[in-house]
Amino acid sequence: MQPTEKLNGTLTIDIRGKKYLVTEFKPDFGERAFYLLNLKNGNRYGVLLDKDTRKVLCECRSFERWNTCRHVVALMEMFIFGEHDARVGTEAPVQPLSEP
């Protein structure tokens, strides 16, 4: 994934003890797109979220294998459901986002 336009601001989050720098950018498709940069090892993952279709995509190996990952779950909880809403998977399952 390559950003077409970076949006303002970054955020640092902790996912299961790993710290990530999160940068949102305008996606070519999907509703929201983010880069997560692992602050310890420098790995970077692109994540796309689409609230209306509940489809997601992440560039990490876990997502390639299981169609879900810690990056998607954390971002869905934060930006789609909000911090105090239902957890991912309790209302409707997420599905991999197909590229056009």
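Which side chain of opposite charge is nearest to D50, and how many Å away is it? I would like to start there, and I should say at once that what we are looking at is a predicted model. The nearest side chain of opposite charge is that of K55, which is 8.6 Å away, and D50 has no salt bridge although it is buried. For those new to the term, a salt bridge here needs a side-chain nitrogen of Lys or Arg within 4 Å of a carboxyl oxygen of Asp or Glu. If we set aside residues up to four places away in sequence, D50 touches G30, E31 and K55.

Let us now step back to the strand that holds this residue, since D50 is found in strand β4. Strand β4 covers residues 44-50, and six of its seven residues are buried, so the strand is largely enclosed by the rest of the structure.

What lies beside β4? On one hand there is strand β3, residues 32-38, which pairs with β4 in the antiparallel sense over six bridges. If you want to find this pairing on the screen, look for L37, whose bridge partner in β4 is R44. The two strands form a hairpin with five residues between them, and in that turn G42 has a positive phi of about 80 degrees.

On the other hand there is strand β5, residues 55-58, which runs antiparallel to β4 and is joined to it by four bridges. Here a helpful landmark is L49, whose bridge partner in β5 is V56. This hairpin has four residues between its strands, and R54 takes a positive phi near 60 degrees.

Let me turn briefly to F25, which has its place in strand β2, residues 18-26. F25 is buried, because its relative accessible area is 3%, and the cut-off for calling a residue buried is under 20%. F25 and Y35 are ten residues apart in sequence, while their C-alpha atoms are 7.7 Å apart in space.

Finally, we come to the largest pocket, which holds about 250 Å³ of space. Its lining is made up of 15 residues, and those that lie nearest its centre are Y45, C60, S62, R70 and H71. Which elements supply this lining? At least two residues come from each of β2, α1, which spans 61-66, and α2, which spans 70-81. The largest share, three residues, is supplied by α1.

Methods
Residues numbered from 1 in each chain as written. Predicted model: local features only at pLDDT ≥ 70, side-chain atom pairs only at ≥ 80, totals over all residues. Heavy atoms only, no water. Buried < 20%, exposed > 50% of the residue type's maximum accessible area, 1.4 Å probe, protein only. Pairing = 2+ DSSP bridges. Lys, Arg positive; Asp, Glu negative; His and termini not counted. Contact = heavy atoms within 4.5 Å. 1 Å grid on protein atoms, 1.4 Å probe; cavity = no way out; pocket = protein on both sides within 12 Å on 5 of 7 lines; lining within 4 Å. Points joined across faces, edges and corners; volume = space filled by probe spheres on them.
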